[in-house]
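Visitor: I would like to take a close look at a single part of this structure, and I would be glad of a careful explanation.

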Amino acid sequence: VPRATPSRYATPAEALHTVFGYDAFRGNQAAAIDQLVAGGDAVVLMPTGGGKSLIYQIPALVRPGTGLVVSPLIALMHDQVDALTANGVRAAYLNSTQAPAERAAVERAYLSGELDLIYVAPERLSSPATRGLLQRGTLSVIAIDEAHCVSQWGHDFRPDYLLLGDLGEQFPGVPRVALTATATAATHREITERLKLPAAEHFVASFDRPNIQYRIEPKVEPRKQLLAFIRSQPERSAGIVYALSRKSVEQTAEYLRTQGIDALPYHAGLEAGMRARHQARFLREDGVVMVATIAFGMGIDKPDVRFVAHIDLPKSVEGYYQETGRAGRDGEPSVAWMAYGLGDVVQQRRMIDQSPGDRTYKLRLGQHLDAMLALCETVGCRRQNLLGYFGQDSGPCGNCDTCLEAPETWDGLVPSQKLLSTIVRLQRERGQAFGAGHLVDILRGASTDRIREQGHDRLTTYGLGADLSDQDWRSVIRQLLARGILVPQGEYATLALGEPAGAVLRGEAPVPLRRDVLGRGGASAGGSR
Ligand code: ADP
Ligand code: ZN
């Protein structure tokens, strides 16, 4: 007869001190834990390093039964279970890497009430056998980690997550918690809906990482810029350099080594033993710079990473935030540095065009890229832009490159008015709306089939913007989008006027635009325009 694992600690505080050796809870850890211990559901949005794990580990130790943790990262599962076991917590996992005998032992332990926590990969939970097993025992709490994987529009979608919505029906009375470090309003809504958590209490932490200084510069000579950046950091600082391709990882690591920096490459194509050695050196020694693809870093718990550098543009602000968030987990001053260029944009647009998804999907990827570029091109505070993306208001931080040194700007009022009035005319006179590409064609006086068919060469603004390049116009549009002067509408992301547009059209609001953006003033990658 299966029996439930007895409660091991009377209170969360007792478990915190005894098992984990910490003095106090952080931020809203305590509130979220209390909600679960009392049997309620929760949705937790907390940045990487914020301490999400304790939020389900502690209720699992306080409530009778076994805590179920759904986690998509098998490597991470391993590490968490090892760490818990070392602290005297009885934890185990079920995943596809296991031998049958090992799996059977875990199942027996669960059913005889000897497990505090059981970690399961989402695809195992799609199997009726696993569900049946879990139903025969007793669960204390259900945690769905990396819950943003349920979001079809997010950057990490996993179909198996869609099946997790019915856990509530299957395990009535077991409190559930969904946790993620992604906090856009859209993802938040999707998590709540798809995981069926209508009655959950929401715990949203601040996403600000005040000890991280954000710096972004246009690519001119990326290697030299990277080297200069690393040399500007305190001697023997540990850091991570992210590059997009394996080849670029290897070449960059090699280059840094020739310059006397203790750099090591890390990507999925390297032999496993070498990867493990490089990771171990990075974790244990001072001053190792890991040059890696984004495969590296998930679940790496090194608190004193002093900088994260990107030599290629991340695909989304979520990705950028997660990767840069690996810096300064100890709270000490750290830097997130990035160089981006026109080549990155061209390459990523091509990848989006060639990706297998449907039109809406590609459009969404394009919007992710535009939001990333808007962060690069902002004249305002980087942190304010970043937090705004995650739906959190803040003032200028005083500790990012644009706050420390105001970027050079040019007066974008007249081009903005040309663009906005084109949109207004098309809307008023013809009831039409268009995306960026066609609007730029009109302004630049292009002679495309669509322009001739629609008679758009007869518009008064046709050809009025030929003084700016295609890239210039794209940058103007991104910056106007980022400020809400333009807003994307509908399935095809056609452009419409936002609330501040009226003041721009009347010439009452200045529109300073960044000079050092792609395609402008000598800052373009390789001078291509
Ligand atoms: P997340 O999953 O949100 O990225 P973790 O749960 O891995 O974060 O926690 C990050 C680090 O903070 C870990 O080293 C963890 O042990 C530590 N930590 C979490 N909560 C506390 C606390 N209340 N006091 C001290 N350290 C904590
Ligand atoms: Zn700032």
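Visitor: Which strands does helix H3 lie across, and at about what angle does H3 run to S5?

Guide: Please keep in mind that this is a predicted model. Helix H3, made of residues 53–62, lies across strand S1 (42–45), S2, strand S4 (117–120), S5 and strand S6 (176–180), and the angle at which H3 runs to S5 is about 175°. To place these strands, it helps to turn to the sheet, which is an open one of seven strands in the order S3-S4-S2-S5-S6-S1-S7, with parallel pairing. At the edges stand strand S3 (91–94) and strand S7 (201–204), and each of them has a single partner strand, so one side of each is left without a neighbour in the sheet. On average, and with direction ignored, neighbouring strands of this sheet are turned by 20° against each other. As for how such strands are joined, strands of a sheet pair through backbone hydrogen bonds, either parallel or antiparallel.

One pair in this sheet can be followed in detail: strand S2 (residues 66–70) and strand S5 (residues 139–144) pair in the parallel sense over five bridges, and Val70 has Ile144 in S5 as its bridge partner.

Residue 53 belongs to helix H3, and Ser53 is also one of the residues that come nearest to ligand 1, together with Tyr22, Gly50, Gly51 and Lys52, out of the 13 residues around this ligand. Sorted by class, the shell around ligand 1 consists of four nonpolar, six polar and three charged residues.

Notes: Residues numbered from 1 in each chain as written. Chains lettered and ligands numbered in written order. Predicted model: local features only at pLDDT ≥ 70, side-chain atom pairs only at ≥ 80, totals over all residues. Pairing = 2+ DSSP bridges. Helix = DSSP H or I, 4+ residues; strand = E, 2+ residues; numbered from the N terminus. Axes fitted to C-alpha atoms, helices over the stretch in contact; angles between N-to-C directions. Contact = placed C-beta atoms within 7 Å. Near = placed C-beta within 6 Å. Nonpolar A, V, L, I, M, F, W, Y, C, P; charged D, E, K, R; others polar.
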